[in-house]
Amino acid sequence: TIALLFIWDAFTTRHQIGYQGNILNKLIKELPDHKEYKYPLLNERTGHNLGEVLVGTVLGIIMAWLLF
């Protein structure tokens with residue numbers, strides 16, 4: 001159950017945070033030059049893609065099987 005929570009967080013929640021960062025960066029770039037420098041650009045690469053989540057899941061299952 002806890003593993004599913006981590007998978008959900010890595011794939012969906014953090015992906016949405018990156019999407020929101022992208023939108024906010026676009027808004028910051030539209031500001032006039034004298035106001036734009038006040039706001040730092042946000043990290044748009046947050047979370048994991050589907051391949052990374054699947055590999056992490058498989059590795060987690062293998063490690064659990066080997067250790068227990």
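Before the structure itself, one definition: a residue is called buried under 20% relative accessible area, exposed over 50%, and partly exposed in between. I will use those words for three residues.

What you have in front of you is a predicted model. On confidence, the average pLDDT of the protein is 86, and 99% of the residues score at least 70. By element, the mean is lowest in helix H2, residues 33-36, at 84. It is highest in helix H3, residues 50-67, at 92.

Now the overall layout. The protein has 3 helices and 0 strands, so from the N terminus on there is no strand in the order of elements, which reads α-α-α. Helix H1 covers residues 2-29.

Next, the overall dimensions. Taken along the principal axes, the C-alpha atoms fill a box of roughly 60 × 15 × 15 Å. The radius of gyration is 18 Å, whereas a compact globule of 68 residues would have one near 11 Å. Of those 68 residues, 10% count as buried. The accessible surface comes to about 6,000 Å², and carbon and sulfur atoms account for 69% of that.

Let me go through single residues, beginning in H1. Phe6 has its place in this helix. Is Phe6 buried or exposed? Phe6 counts as exposed, because its relative accessibility is 57% and the cut-off for exposed is over 50%. Phe6 is 45 residues from Gly51 in sequence, and their C-alpha atoms are 15 Å apart in space.

Asn25 also lies in H1. With a relative accessible area of 3%, Asn25 is buried, because the limit for that word is under 20%. Which residues does Asn25 touch, leaving aside its neighbours within four places in sequence? The contacts of Asn25 are with Leu41, Leu42 and Glu44.

That leaves H3. This helix has 18 residues, and from its first C-alpha to its last it reaches 26 Å, close to the 26 Å expected at 1.5 Å a residue. At the start of H3, a side-chain oxygen of Asn49 comes to within 3.2 Å of the backbone nitrogen of Gly51. That is the Gly51 I paired with Phe6 a moment ago.

Further along the chain, Ile62 is in H3 as well. Ile62 has a relative accessibility of 39%, so it counts as partly exposed. In sequence, Ile62 and Leu5 are 57 residues apart; in space, C-alpha to C-alpha, they are 19 Å apart.

To recap the three residues: Asn25 is buried at 3%, Ile62 is partly exposed at 39%, and Phe6 is exposed at 57%. That is the end of my part.

Definitions and conventions
Residues are numbered from 1 along each chain as its sequence is written. This is a predicted model: local features need pLDDT of at least 70, side-chain atom pairs count only at pLDDT 80 or more; totals for chains, interfaces and linings use all residues. Side-chain values use heavy atoms; hydrogens and water are left out. Helices (H or I, at least four residues) and strands (E, at least two) are DSSP runs, numbered from the N terminus. Buried means under 20% relative accessible area, exposed over 50%, partly exposed in between (1.4 Å probe, protein chains only). Contact means heavy atoms within 4.5 Å. pLDDT is the predictor's confidence in each residue, from 0 to 100. The expected span of a helix is 1.5 Å times one less than its number of residues. A polar contact is a pair of N or O atoms within 3.5 Å; within protein, one must be able to donate a hydrogen and the other to accept it, and residues adjacent in sequence count only if both atoms are side-chain atoms. The radius of gyration is taken over C-alpha atoms; the globule rule is 2.2 Å times the number of residues to the power 0.38. Accessible areas come from the Shrake-Rupley method with a 1.4 Å probe; for residues, only the protein chains shown count as cover.
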